[in-house]
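This briefing goes through one protein model by topic. Please look over the sequence and the structure before reading on.

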Amino acid sequence: MTSRLPLILACAAVAAQIVYPLVHGGIRDVVTVLVVALLAAASITHAAVTRGARWTVGLVVVTAGLGLCSEVVGTATGFPYGCYDYSVDRLGPALAGVPLVVPFAWTAGFYPVWCVASVLARGPRRRLTRIALTTIGVVGWDLYLDPQMVADGQWHWCVTDAGLPGIEHIPLTNYAGWFVVAAVMAVAVDRIDRRLDAGHRHRHRHRDGVPIGLFLWTWLGSALAHSVFLGAPELRYSAIYGWLAMGILGVPLLVSLLRPRVRRPGTHDTHPHT
């Protein structure tokens, strides 16, 4: 049951996301919190099953902990994201103006991207590539997240004319802040991974089907939802931006998954020729 729990939670999160466009008002707020909680729980339980308790604690401390700190500083000072405020009465309990569910959105977004980046950049000599891909993927995830949540009124930006074409109401400073914070997280988790996982790297391969599936669902499903199922016109633009940015990881991931296995040199067909 323990090994199946991440899959069950991931499926529940996907189901909640399918429900999201169908509900409104207070029910949608509840579904929003539920989606974040289920995605974070799927990521945390999967990390615990495949990478161990210490690795998982490090993941949560880095992503949710640093995420909370950056959000508290961000809402108070405007650094590093720009000037914004949460609708704290809609997303549950808050600390210093930041709903407590928000830091776990960082965990939920970071972990699947990290797992995909790890698939694409294997080996210790490709650490910088993994860090770079993780950073890009997390920013790509926010290109979906921010426009959708702003359209739903979950938070508001003070500057509304300094963003990307079609979503000018979200300033470019937001994505710059996400890039910096995501990069710091990626470096920290890479350090944790090297310290706690290096001794096991040759004894087993992580079974990352659940986070890889969540990545693909987020990348492709969000593009479809923003294009078709969610009503705000600016989401047609975020569908393009998010698809392109996450596609920097998603396209090579699909190629690697769909590529037929190449027979290693020196292996022979075990079946007799007839």
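Which residues make the nonpolar surface patch of about 380 Å²? L220, I240, W243 and L244 make it. The model is a predicted one, and the points below cover the chain as a whole, the patch, the disulfide and two buried sites.

**Overall fold**
- The secondary structure of the protein chain consists of eight helices and four strands.
- From start to end of the sequence, these elements follow the pattern α-α-α-β-β-β-α-α-β-α-α-α.
- The protein chain has 274 residues, and 49% of them are buried.
- Of the contacts between residues at least 6 apart in sequence, 72% join residues at least 24 apart.
- The accessible surface of the protein chain is about 13900 Å², and carbon and sulfur atoms account for 67% of that surface.

**Nonpolar patch**
- Helix α8, which spans residues 235–258, supplies the largest share of the patch, with three residues.
- L244, one of the patch residues, is located in helix α8.
- L244 has a relative accessibility of 49% and therefore counts as partly exposed.

**Disulfide and other cysteines**
- A disulfide is a covalent bond between the sulfur atoms of two cysteines.
- One disulfide is found in a search of the whole structure.
- This disulfide links C83 and C158, with an S to S distance of 2.0 Å.
- C83 is in the loop between α3 and β1 (84–86), and C158 is in the loop between β4 (155–157) and α6 (172–197), so the bond ties together parts that are 75 residues apart in sequence.
- The disulfide is left-handed, because the torsion about the S-S bond of C83 and C158 is about -40 degrees.
- C83 is partly exposed, at 38% relative accessibility, and C158 is also partly exposed, with a relative accessible area of 42%.
- C69 has a relative accessible area of 49% and counts as partly exposed.
- C115, in contrast, is buried, with a relative accessibility of 0%.

**The site around S70**
- S70 lies in helix α3, which covers residues 53–77.
- Is S70 buried or exposed? S70 counts as buried because its relative accessibility is 8%.
- The side chain of S70 makes a polar contact of 2.7 Å with the side chain of Y81.
- Outside its neighbours within four places in sequence, S70 is in contact with F79, P80, Y81, Y84, W106 and V181.
- Y81 thus appears both in the polar contact with S70 and in the list of residues that S70 contacts.

**The site around P211**
- P211 is part of helix α7, residues 209–229.
- With 1% relative accessibility, P211 counts as buried.
- What does P211 touch, apart from residues up to four places away in sequence? P211 touches H46, Y111, P112 and C115.
- P211 and C115 are 96 residues apart along the chain, and their C-alpha atoms are separated by 6.6 Å.
- Both partners of this pair are buried, P211 at 1% relative accessibility and C115 at 0%.

Methods:
Residues numbered from 1 in each chain as written. Predicted model: local features only at pLDDT ≥ 70, side-chain atom pairs only at ≥ 80, totals over all residues. Heavy atoms only, no water. Patch = residues over 30% accessible without salt bridge, like charges linked within 9 Å, V, L, I, M, F, W, Y side chains within 5 Å. Areas by Shrake-Rupley, 256 points an atom, 1.4 Å probe, with all protein chains shown as cover. Salt bridge = Lys/Arg side-chain N within 4 Å of Asp/Glu carboxyl O. Helix = DSSP H or I, 4+ residues; strand = E, 2+ residues; numbered from the N terminus. Buried < 20%, exposed > 50% of the residue type's maximum accessible area, 1.4 Å probe, protein only. Polar contact = N/O pair within 3.5 Å; in protein donor to acceptor, adjacent residues only side chain to side chain. Contact = heavy atoms within 4.5 Å. Disulfide = S-S within 2.5 Å.
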